[in-house]
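Colleague: I'm new to reading structures, and I'd like a close look at a single part rather than a quick tour. Pick one pocket, take me through its walls, and then show me some side-chain contacts to look up in the viewer.

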Amino acid sequence: MKEKVKKNLIQLGDLFSNTELFKDIFEKAEQQNSWFTRANLEFAFTSWSEALSESNVEQWLSQYQLPQATSAKKILIVMAGNLPLVGFHDLLCVLVAGHQAIVKLSSDDRVLLPYLLEKIKDFAPQWTASVQFTNEKVTDYDAVIATGSDNTARYFEYYFGKKPHIIRKNRHSVAVLTGGETPEQLFALGKDIFQYYGLGCRSVSKLFVPKGYDFNLLFQAIYPYKDIIQEQKYANNYDYNKAVYLMSLYQLLENGFLLLKEDEHYGSPIATLFYEYYTDVDSLKKKLTTDAEKIQCVVAHNFITEEVAFGKTQSPHLWNYADGVDTLNFLLKLS
């Protein structure tokens, strides 16, 4: 079974690499959700193509014992819609584990996945046949994977808590700077901040910087991202948040396309980056450990063991599971 799964995954990676094949559905996706620009859609598909390289697939599957035959369970997947195909990894895990998926799509991302499943039918028809899309209330299922906000998570816990489940809440990503970063590292950090307009849980929404940090270093390094302000929805958020902060007499740093606000919270609005000063490295490490359930990624260089390199938050490997919960292992144990 593992060899067949491996072959399917590698073919899937090849499919993702042909972004020209998806140009028509990209257009429909952007019409449905204007945050899904052609550039972001192509980035998402290219990232999946790279994740599903032969070496990555082999490394991922080598960690698991896939059964020769499974007692297929019905897995309900409630997907978010903040990024293109943001729930696809969950679906992939269900298929790899040999289960059936009942998928409730977000209203913000309804066209990409059904179209992709039709393309997958050419080389993995059994996978396509194992996926059912629904807008109705689902009562016949064996386990649940649901992704949403802190508020929807309470709803999910109420309705799905009695079945085996993975329920995800709000998480945010942070970067720890020392002042010794190279311009190249800070430029790469810009990708972590601006890719997908900062809408993802892997988007850096907060900086931890040492007292006296020179923010001009950051502003100079990320200046090449300045054209993001030409995107109307992003610009509207920039103008709105700036007005609100100034009316509230908050002190801001800005460069014309990004607002920096000192704030202890993790989740910053679009076009805004929160920052917090630190004076002691050990205290900061302790804080990040204490707040681990609020944090998806920590971007840093030689700071902690589980850090993510600058510029890499939006290109996770197949084994980089959301919230650190091994989805495939969870599903294999249901077999």
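Modeller: Let's start with the walls of the second largest pocket: the residues lining it divide into 13 nonpolar, 11 polar and 9 charged. Keep in mind that this is a predicted model. The space in this pocket comes to about 880 Å³. It is lined by 33 residues, and the ones closest to its centre are R202, C297, E306, V308 and N320. If you'd rather think in elements, helix 3 (38-51), helix 12 (281-290) and strand 11 (295-299) each give two or more residues to that lining. Helix 3 provides the largest share, with 5 residues.

Now for the side-chain contacts, and K206 is a nice place to begin. Which residue does K206 form a salt bridge with? The partner is E276, and the closest N and O atoms are 2.4 Å apart. General idea first: side chains of opposite charge can pair when their charged atoms come close. This pair ties together distant parts of the chain, with E276 in strand 10 (residues 272-278) and K206 in strand 7 (residues 204-210), 70 residues apart. Is K206 buried or exposed? K206 counts as buried because its relative accessibility is 0%, and the cut-off for buried is under 20%. E276 is buried too, at 18%. K206 has another contact for you to look up: its charged end sits over the ring of Y266, 5.0 Å from the ring's centre. You can find a similar arrangement at K285, whose charged end sits over the ring of F303, 5.4 Å from the centre.

Across the whole structure there are 11 salt bridges, so let me show you a couple more. K261 and D263 meet through their side chains at 2.5 Å, N to O, and both of these residues are buried. K74 and D140 make another salt bridge, with the closest N and O atoms 2.6 Å apart. Here, too, distant parts of the chain are linked: K74 is in strand 1 (residues 74-78), while D140 is in the loop between strand 3 (131-133) and strand 4 (143-147), 66 residues away. This time the partners aren't buried: K74 counts as partly exposed at 30% relative accessibility, and D140 counts as partly exposed at 47%.

Rings are worth a look as well. A pair of aromatic rings is described by the distance of the centres and the angle of the planes. A search of the whole structure turns up 24 aromatic pairs. Among them is the one between Y213 and F215, which is edge-to-face, with 5.1 Å from centre to centre and 80 degrees between the planes. Why do we call it edge-to-face? Because the angle of 80 degrees is over the 60 needed for that label. Y213 is buried at 8% relative accessibility, and F215 is buried at 7%. For a bigger group, select F16, F22, F26, F45, W48, F88 and Y115, which ring pairs link into a cluster.

One last stop is L318, in the loop between strand 11 and helix 13 (327-332). Being in a loop doesn't leave L318 out in the open here: L318 is buried, with a relative accessible area of 1%. Its C-alpha atom is separated by 21 Å from that of S130, which is 188 residues away along the chain.

Notes:
Residues numbered from 1 in each chain as written. Heavy atoms only, no water. Phe/Tyr/Trp six-rings, centres within 6.5 Å; stacked < 30°, edge-to-face > 60°. Buried < 20%, exposed > 50% of the residue type's maximum accessible area, 1.4 Å probe, protein only. Lys NZ or Arg CZ within 6 Å of the ring centre and 35° of its normal. 1 Å grid on protein atoms, 1.4 Å probe; cavity = no way out; pocket = protein on both sides within 12 Å on 5 of 7 lines; lining within 4 Å. Points joined across faces, edges and corners; volume = space filled by probe spheres on them. Helix = DSSP H or I, 4+ residues; strand = E, 2+ residues; numbered from the N terminus. Nonpolar A, V, L, I, M, F, W, Y, C, P; charged D, E, K, R; others polar. Salt bridge = Lys/Arg side-chain N within 4 Å of Asp/Glu carboxyl O.
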